[in-house]
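Student: I should like to go through the reasoning behind the labels attached to this structure. Please show it before we begin.

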Amino acid sequence: LKSEMPSFLRYDHYYSVQGERYRIAWSLNDDQVLLAELELVETSENPVPDSSVAELQEFMQNLRSLYKEEDIAVQVVSYFRRLTGFDRVMYYKFDHNGDGEVLAEEKKLGLESFLGLRYPASDIPAQARKLYERNTVRSICDIKDEGVPIYGIKSSDPLDLSLSIYRSVSPIHIEYLNNMGVTATHANSILHKGKLWGMIICHNYDTALHVNFEKRQLTALCADFVNTWLINSELIRSSKRKTREAECLAAFSGGSSETSVFDALKNSFPSLKSLLGISGFSLVHAGETHHHEMHPHFQSVLENLIARMQSADDGEFLLTDDNFGHGESLEDTAIGGVALVNAGLTEDNFIFFYRPEKKEVYNWAGNPTKTYEKSGRHNLNPRKSFELWQETVAGKSI
């Protein structure tokens, strides 16, 4: 049985228990304990309409023509809301810091919009993110449900419900939802290369809401199609990068053999600027530094970057998009990022490519520095305010 049991939940046929119809779900936890969950099939449940399946099939067919994740996100939230009936559905994407942003939203008329709002990484703790990577569907039908105790047959040890459907929920998360006025929620993970890329999150505000098996399966299929699109889009981006690399190499190697490296870079700069979006470059060669167009005004900036690169594992390349990662004053250069290449074979030759700064205004759902509020002496409670809090982010590259 262990070899046959997949890591995800496995459903079997209907069962009758004391006159009630149940669907049974099997899962095998890390302790090699086989769990069976009986989900009551309510006679009042509305069957999934054929139109929901047809819409999902249409969405699958349209994936090839969608090139932006924002476009897919819009279709996903629209489909989810029609299927599940939640008051609000959001497509939520994480950045490299773990912070999330609402890329698309479908909501009931009268609700304030969360579109474009950002939430700090600490709103979803690391252990919760790991669980969302393993068990990609989570439903809380009623956050006011007091729950029931679980008794082991042969052991009093806590039971691992990580891969179960109706697993326990952190009290802090329940309080977080309460603070938002949420009464029921459903979430599907969006994975890329096995890591949590984003989430499709549903909220209800007035009543409890149960998402039955058929609807959960359709939401999981929809999220899986997004995962597949992400893989394909990366392959496309990789192919484009290779093409761009070839174009850059062709632009740089167009000069004569007697042309210096600096002059070759200078002559090819218009092409490199168009291909890479750079705003200038510097060349450190034989102890001398040469600049073209936009560049830092302090030699110490370049020296620090070289030292940083050389201390890395390969010592051949460094890329940063945050004021060079050191915070030195850049005067009026408005540089937001740099790519540093060690181009030396027998001696140190360093090439710095610069990108211009792009200032942005981040719209946060509450102050991101106040994720938790102290309550009493030892307790931490999730924040209660989700009012718009704006932050101007500077020193980042395009």
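Student: Which residues form one aromatic cluster?

Tutor: In this predicted model, Tyr92, Phe94 and Tyr119 make up one aromatic cluster. The count of aromatic pairs comes to six.

Student: What makes tyrosine 92 and tyrosine 119 an aromatic pair, and why is it called edge-to-face?

Tutor: The ring centres of tyrosine 92 and tyrosine 119 are 5.8 Å apart, with 65 degrees between the planes. Ring centres must lie within 6.5 Å for a pair, and planes over 60 degrees apart count as edge-to-face, so both conditions are met. Tyrosine 92 belongs to strand β4 and tyrosine 119 to strand β6 (residues 118-119), 27 residues apart, and the pair thus links distant parts of the chain.

Student: Are these two tyrosines buried or exposed, tyrosine 92 and tyrosine 119?

Tutor: Buried means under 20% relative accessible area. Tyrosine 92 has 6%, and is therefore buried; tyrosine 119, at 6% relative accessibility, is buried as well.

Student: Why is the pair of phenylalanine 269 and phenylalanine 281 called tilted?

Tutor: Its planes are at 45 degrees and its centres 6.0 Å apart. An angle under 30 degrees would count as stacked and one over 60 as edge-to-face; 45 degrees is neither, so the pair is tilted. Phenylalanine 269 lies in helix α6 (residues 261-276) and phenylalanine 281 in strand β10 (residues 280-285), 12 residues apart. Phenylalanine 269 is buried because its relative accessible area is 5%, and phenylalanine 281 is buried because its value is 1%.

Student: How do you know that the length of α1 agrees with its number of residues?

Tutor: At 1.5 Å a residue, the 13 residues of α1 should span 18 Å, and the end C-alpha atoms are 19 Å apart, so the two agree.

Student: Which residues of α1 are buried, and what puts them on the same side?

Tutor: Ser52, Leu56 and Phe59 are buried. They cover an arc of only 55 degrees around the axis, and therefore lie on the same side of α1. An α-helix has 3.6 residues a turn, so residues three or four places apart point the same way. On the other side of α1, Asp50 and Gln61 are exposed.

Student: Which members of the largest nonpolar core touch the most other members?

Tutor: This core has 30 residues, and those with the most contacts to other members are Phe59, Ile72, Val76, Phe80, Tyr91, Ile200 and Val226. Among the elements supplying at least two residues each are α1 (50-62), α2 (69-84) and α5 (213-252). Another core, of 26 residues, lies apart from it and includes Tyr92, Ile143, Tyr176 and Met199.

Student: Why is cysteine 141 called partly exposed and cysteine 222 buried?

Tutor: The range for partly exposed runs between 20% and 50%. Cysteine 141, at 21% relative accessibility, is therefore partly exposed, whereas cysteine 222, at 0%, is buried. A search of the whole structure finds zero disulfides.

Student: What makes leucine 161 count as buried, and where is its place?

Tutor: Its relative accessibility is 16%, so leucine 161 counts as buried. Leucine 161 sits in the loop between β7 (137-140) and α4 (171-180). Beyond its neighbours up to four places away in sequence, leucine 161 touches Leu35, Ile150, Arg167 and Ser168. The C-alpha atoms of leucine 161 and asparagine 29 are separated by 7.0 Å, although these residues are 132 residues apart along the chain.

Terms used:
Residues numbered from 1 in each chain as written. Predicted model: local features only at pLDDT ≥ 70, side-chain atom pairs only at ≥ 80, totals over all residues. Heavy atoms only, no water. Core = buried A, V, L, I, M, F, W, Y, C linked by side-chain atoms within 4.5 Å. Buried < 20%, exposed > 50% of the residue type's maximum accessible area, 1.4 Å probe, protein only. Helix = DSSP H or I, 4+ residues; strand = E, 2+ residues; numbered from the N terminus. Expected span 1.5 Å × (residues − 1). Arc of directions from axis to C-beta. Disulfide = S-S within 2.5 Å. Contact = heavy atoms within 4.5 Å.
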